[in-house]
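Me: Please walk me through this structure in short questions and answers.

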Amino acid sequence: MCGALSLQRVLSGQLAQRDFLLRPPEPTPGLLVSSPTESIYIGKTQLLSVPFFWNPKKLVNPHLCVVGMTGSGKSYFVKTFITRASIVLGTSALILDWAGEYADWVRLAGGRVISFGKDGLNLLDLGGATPHARARQVVESLQMLTDLSSFPRQRRLTEEAIEQAYAKRGFALHAQHFSKRKKLPTLESVCLLLKKKAKRDSDAAEAASRIKNLLLSSGKSFSASTIGLGELLSGLVCVDLHSLPMESLRSLAGLAILQFVKEKMRLQDYSSEGKPKLFVVVDEAWKIAADERSDVVSIVREGRKYGFGLIVASQNPGDVHKSIFANAGTVLAFRLMLASEREYVRTSLSYSDFFEHASHSLAVGQALVHLEPAQPSSCPRNFILKRVDGEELLLTMRIGGDGMDLEFERGALARKLLSFGLSDRQAASLLSEFE
């Protein structure tokens, strides 16, 4: 080996071009690594294999924006994240499930599933708001989801009818506390009041028709409340909206629940712990995630000080309003197919050509991660996550009969079937019958 090393004079500019002497573009371990008792382990960085522990105290807020095409690992990450948040931080989770994707998983995890169709929500349930405020919230929701904003007189008549419905039941419009004995009005009450004016007022007739169509198409899911609004904010709860027949109805239900969450959030004491009490998961809710008037944006802007976190997930980044990207402390971009989608993310986060090139070839479970530190820092804020290191829930299966009652974990039962001489296909077929 003699003579293998030698010294030579080089200019500082030439030295700077030698990449092995430079730190790759990743955040410092000070931002990425935290105690496992106060943070959520996600995975390792691609370049230096530094473990990434998500710590809300190190970030500007606890909100996450997650985008990625189907099968890229987006939903797997969300499930892993809220499971570990519950175990490590004691955080509750409320999932607004547009596609019915989370319901089975929540049941397996021991959570509660609320299914629209079986359960209902009276849109005039106050949930902590005054009748006057609730009337405005309902009308604003209808404006976001229908063409009501194009008909200002219909809008005014609808709001007046809602307020009148409360007044007829003995509710003072600006009071916040009422006797539980008072019976809440419903949208049917509002429709009847508008119909009384319809004979002499064409705008009232149109407004009544709008409410009537909403009630008919929703199967009266918005008439009587069987959902205890107070129960939504504790533990793991999934509100399954996929049985509602139209996107606008799913969005209306989602908006009503978010409005309740916002009112409850504002009643909370200021939280200085930096640890979220509740994560609200909004998945594929493009109609309300893309509208700046939505309470999704309100929770993003105000949630940190009350201990509320928001997780917005979507296949298409364009369905997420840029103010959510701008205000989220953490963004994960899994694989995106279209160049226009990648460009939307890039312009929202302003990352370099290095990450733009890397984002083209992300494998399943890999993601471009952007962090906004709580303290100003000159260190890089972007990195590539090698993969999400998560776990699947254990699925148990039971065999009973003839005095026998045996319980197996799915994987253990699969191995047992194979040991009995079944082929892979036969074992998979039998396991599907259990599922």
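The turns below go from the whole chain to single residues.

Me: What kind of model is this, and from which number are residues counted?
Reply: The model is predicted: local features need pLDDT of at least 70, side-chain atom pairs count only at pLDDT 80 or more, and totals for chains, interfaces and linings use all residues. Side-chain values use heavy atoms, with hydrogens and water left out, and residues along each chain, as its sequence is written, are numbered from 1.

Me: How many helices and strands does the protein chain have?
Reply: Helices (H or I, at least four residues) and strands (E, at least two) are DSSP runs, numbered from the N terminus. The secondary structure comes to 16 helices and 13 strands.

Me: What percentage of the 435 residues is buried?
Reply: Buried means under 20% relative accessible area, exposed over 50%, and partly exposed in between (1.4 Å probe, protein chains only). Of the 435 residues, the buried share is 48%.

Me: What share of the contacts with a separation of 6 or more joins residues 24 or more positions apart?
Reply: A contact means heavy atoms within 4.5 Å. Among contacts with a separation of 6 or more, residues 24 or more positions apart account for 71%.

Me: Which helix gives the largest share of the largest nonpolar core?
Reply: A nonpolar core is a set of buried Ala, Val, Leu, Ile, Met, Phe, Trp, Tyr and Cys residues joined through side-chain atoms within 4.5 Å. The largest one has 83 residues, and those with the most contacts inside it include Leu94, Phe116 and Ile257. Its largest share is 10 residues, from helix H9 (residues 247-267).

Me: How many residues does the second, separate core have?
Reply: This core includes Leu59, Val78, Tyr102 and Phe334. Its residue count is 36.

Me: Against which helices do the buried residues of H7 pack?
Reply: At 1.5 Å a residue, times one less than the number of residues, the 12 residues of helix H7 (187-198) should span 16 Å, and the end C-alpha atoms are 16 Å apart, which agrees. Leu187, Ser189, Val190, Cys191, Leu193 and Leu194 are buried in H7. The buried residues pack against helix H6 (152-168) and helix H8 (202-217).

Me: Which residue just after H11 takes a positive phi?
Reply: Helix H11 (residues 295-306) is mostly covered, with nine of its 12 residues buried. The buried residues include Asp295, Glu302 and Tyr306. Just after H11, a positive phi of about 80° belongs to Gly307.

Me: Is Ser49 buried or partly exposed?
Reply: Most residues other than glycine have a negative phi. Phi of Ser49 is near 55°, a positive value. Ser49 lies in the loop between strand S1 (40-45) and strand S2 (51-54). With a relative accessible area of 32%, Ser49 is partly exposed.

Me: Is Ser350 buried or exposed?
Reply: Ser350 has a phi near 55°, also positive. The loop between helix H13 (339-349) and helix H14 (353-359) holds Ser350. Its relative accessible area is 60%, so Ser350 is exposed.

Me: How far apart in space are Arg9 and Ser359?
Reply: Arg9 sits in the segment before helix H1 (12-16). Arg9 is exposed, with a relative accessible area of 83%. Arg9 and Ser359 are 350 residues apart in sequence; C-alpha to C-alpha, the distance is 38 Å.
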